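Welcome! Take a moment to look over the model below, and then we will walk through it together, from the whole chain down to one strand.

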Amino acid sequence: MAGGDMTEPLQPDVVLLADGPTGFAALRSLAARCRVVQIFRRPDQPEARALSAFAEARGIPVAEMLELNQLQKLIEDLRPAAVVISSFDRIIPPRILASCRFINVHYSLLPRYRGRANVNWAIINGETTAGISIHLAVPELDGGNLLFQQAISIGANDTVTSLYDRLNAIQEDELGGVVVRAITGYQGTAQDADHASYGCTRIPDDGEIDWRQPTDTIDRLIRGLTPPFPGAFTHLAGQRLIITHASPQLDARCYVGRVPGRIVGRSPSEGWVDVLTGDGVLRMFSVLLPNAEQPCAAASVIGSTRATLGLSRIDLLLLRRIVALEDRLASLEQLNSAHK
């Protein structure tokens with residue numbers, strides 16, 4: 001999808017809102033076609049250092065947006081031709097949207113998968129395609145006319161990380177030109193709201209593996225939550241393990257005596273561990289321990305075919321008791337503080 005021929009202004013002024021993992025690609029694309037006059041980005045996000053170094057070399061100011069009124073004031077002071085949004089997790093109110101042209105980058109094939117965690121959900125749900133949409137931002141969530149859209153295939157071994165890499169590459173190639181076309185008058189094409197679907201926000205606890213699920217379902221959860229996302233996880237003797245690399249075993253033995261989560265094979269030399277799922281076997285190659293910076297071989301952590309992954313009824317009972325004791329302790333501390 002593309003606009004018609006327009007006379008391009010010389011380096012139009014734009015502002016970039018870019019808190020997340022797509023922001024650096026957006027900046028590189030915009031810097032090639034526009035004059036980026038301000039970037040708003042949280043300093044604690046991945047790529048923040050690389051983005052800041054790139055911006056500093058070009059004299060582009062970078063700041064954290066503590067409140068949306070900062071954006072309103074900047075628009076009033078600088079009068080940019082557009083504000084571009086790429087991975088920004090706050091809703092822009094209608095009064096600010098009305099003050100300037102806003103263009104949003106969204107990693108799905110709109111109107112499908114509006115909302116949150118779209119690339120994660122695409123893998124988790126078993127979609128065969130993902131995509132990038134660039135659209136005019138309006139008060140409706142991820143509504144607005146489409147300025148550009150491109151699909152990519154999702155392969156059996158794709159992870160959310162590999163999809164982000166491919167989508168970021170498309171964004172870097174296309175965003176600057178799309179923004180210039182929109183500034184010069186291209187209005188895009190309307191979305192078909194009748195076909196809209198939505199993804200809800202994901203939180204880290206959503207990544208817990210239910211070993212009773214089919215092998216393919218668990219595999220997609222693992223691939224859909226690779227770094228920089230929190231990861232799909234299980235428990236071993238009450239300790240949380242993030243599964244960083246695994247693969248379904250298509251030629252596995254047929255287990256008619258099946259305990260989902262039970263370890264049924266391991267290779268100390270090759271590092272893998274086989275675990276039963278609801279309908280097959282998943283081979284785990286690497287896991288990440290709590291507070292560890294790098295994954296390690298699964299067999300170096302899981303040492304027995306008697307082990308069962310996941311939380312047992314006893315584990316859950318102990319965890320509930322611990323939570324109850326922590327709550328009681330917190331209440332007692334508050335009472336003590338009140339009487340001092």
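Here, a contact means heavy atoms within 4.5 Å. Keep in mind that this is a predicted model. Among contacts in the protein chain between residues at least 6 apart in sequence, 64% join residues at least 24 apart. The secondary structure comes to nine helices and 15 strands.

Some overall values for the protein chain are gathered here.

| Property of the protein chain | Value |
|---|---|
| Span of the C-alpha trace along its principal axes | about 70 × 65 × 45 Å |
| Share of the 340 residues that count as buried | 45% |
| Exposed area | about 17,500 Å² |
| Share of the exposed area from carbon and sulfur atoms | 52% |
| Distance between the centres of the positive and negative side chains | 5 Å |

The two charge sets hold 33 positive and 37 negative side chains.

Now let us turn to strand S10, residues 232-236. Five of its five residues are buried, so the strand is largely enclosed by the rest of the structure. In a regular strand, side chains alternate between the two faces of the sheet. Both faces of S10 are covered: buried Ala-232, Thr-234 and Leu-236 lie on one side, while Phe-233 and His-235, also buried, lie on the other.

Which strand pairs with S10 in the antiparallel sense? Its partner is S11, residues 239-248, and the pairing runs over five bridges. One of the links to follow joins Leu-236 to its bridge partner in S11, Gln-239. Two residues sit between the strands of this hairpin, and Ala-237 takes a positive phi near 50° there.

Conventions:
Residues are numbered from 1 along each chain as its sequence is written. This is a predicted model: local features need pLDDT of at least 70, side-chain atom pairs count only at pLDDT 80 or more; totals for chains, interfaces and linings use all residues. Side-chain values use heavy atoms; hydrogens and water are left out. Buried means under 20% relative accessible area, exposed over 50%, partly exposed in between (1.4 Å probe, protein chains only). Helices (H or I, at least four residues) and strands (E, at least two) are DSSP runs, numbered from the N terminus. Two strands pair if DSSP finds at least two bridges between them. Accessible areas come from the Shrake-Rupley method with a 1.4 Å probe; for residues, only the protein chains shown count as cover. Lys and Arg count as positive and Asp and Glu as negative; His and the chain ends are not counted. The place of a charge is taken as NZ of Lys, CZ of Arg, CG of Asp or CD of Glu.
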